[in-house]
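Trainee: I have a new structure open and would like to learn how to read it. Could you walk me through it?

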Amino acid sequence: MAAATEMVAVVAMARNRVIGDGSGLIWHLPADLKRVRTLTMGCPLIMGRKTWESIGRPLPGRASIVMTRDDNWAAEGAVRAADLDAAITRAHDWIAATSEARNEIVLFGGGQIYAAGLALANRIEATVIDIAPDGGPQAALFPDLNMADWTRDILEDVAADGDVPAHRYERLTRKAAVRV
């Protein structure tokens, strides 16, 4: 019997849970981009249309599964899914068809995608930036968590450096695991 697939949320957020202003990230953390690449390589990424548009292209070595309600939406290098169940099915199909795939599905943003999928996630790989922007009228937020359900490990604290704000890398692990 094949091992169960794990759902992992990968997120960069301000300390007030703001993840974007409705069009993209509010910060640029070069080291975090490398960390995200390592965390997501070989995995299908479930993201919303706005997240796809902010990235602008498929990320090499990963599947881009884009959730949108627009039946006519299409983009080269992306697989459309109407809802979370369809996105998970497409992610499983990609894992089964891809020899270098890891048995993990990554929730990749934005706020609505995290809200839809966090109940199925066992782990959150978070970059928490030491800022608190308001994000504007289209602000995207990471859902508020019941911390009684999670164990938090701080992996690394990074001091501010020039234009790069202080931030930390955290891993949150669900106390009672779920499988997808």
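Mentor: We will go through the sheet, then a helix, the cores and a pocket. Keep in mind that this is a predicted model.

Trainee: Let's begin with the sheet. How many strands does the open sheet have, and in what order?

Mentor: The general idea is that strands of a sheet pair through backbone hydrogen bonds, either parallel or antiparallel. Here, 8 strands form an open sheet in the order E5-E4-E3-E6-E1-E7-E10-E9, and the pairing is mixed. At the edges sit strand E5 (78–81) and strand E9 (150–158), each pairing on one side only. On average, neighbouring strands of this sheet are turned by 25° against each other, direction ignored.

Trainee: Which way do E3 and E4 run, parallel or antiparallel?

Mentor: Strand E3 (residues 44–48) and strand E4 (residues 63–67) run parallel, joined by 5 bridges. To find a bridge yourself, start at leucine 45: its bridge partner in E4 is serine 64.

Trainee: And where can I see antiparallel pairing?

Mentor: Look at E7 and E10, which pair in the antiparallel sense over 7 bridges. There, isoleucine 129 stands opposite histidine 167 in E10. E9 and E10 also run antiparallel, with 8 bridges between them. In E10, arginine 171 has aspartate 153 opposite.

Trainee: Which strands does helix H1 lie across?

Mentor: Helix H1 (residues 30–40) lies across several, including strand E1 (6–14), E3 and strand E7 (123–129). The helix runs at about 175° to E7.

Trainee: Now the interior. Which residues have the most contacts inside the largest nonpolar core?

Mentor: That core has 28 residues, and those with the most contacts inside it are Val11, Ile46, Leu107, Tyr114, Ile124 and Phe142. Among the elements giving two or more residues are E1, E4 and helix H4 (111–117). Helix H3 gives the most, with 6 residues. A second, separate core of 14 residues includes Leu39, Trp52, Val66 and Val106.

Trainee: What does isoleucine 46 touch, leaving out residues up to four places away in sequence?

Mentor: Isoleucine 46 touches, among others, Ile65, Met67, Leu84, Ile105 and Leu107.

Trainee: Last, how do I read a pocket?

Mentor: Rolling a probe the size of a water molecule over the atoms shows where empty space is left. In this model, the largest pocket holds about 1,200 Å³ of space. Its lining has 42 residues, of which Thr51, Ser54, Phe108, Gly109 and Gly110 are the closest to its centre. Strand E2 (18–20) and helix H2 (49–55) are among the elements that each supply at least two residues of that lining.

Key: Residues are numbered from 1 along each chain as its sequence is written. This is a predicted model: local features need pLDDT of at least 70, side-chain atom pairs count only at pLDDT 80 or more; totals for chains, interfaces and linings use all residues. Side-chain values use heavy atoms; hydrogens and water are left out. Two strands pair if DSSP finds at least two bridges between them. Helices (H or I, at least four residues) and strands (E, at least two) are DSSP runs, numbered from the N terminus. Axes are lines fitted to C-alpha atoms, for helices over the stretch in contact, and angles run from 0 to 180 degrees between N-to-C directions. Contact means heavy atoms within 4.5 Å. A nonpolar core is a set of buried Ala, Val, Leu, Ile, Met, Phe, Trp, Tyr and Cys residues joined through side-chain atoms within 4.5 Å. Buried means under 20% relative accessible area, exposed over 50%, partly exposed in between (1.4 Å probe, protein chains only). On a 1 Å grid over the protein atoms alone, a cavity is a set of points where a 1.4 Å probe fits but cannot get out, and a pocket is an open set with protein on both sides within 12 Å along at least five of seven lines; lining residues have an atom within 4 Å of a point. Grid points are joined across faces, edges and corners, and a volume is the space filled by probe spheres set on the points.
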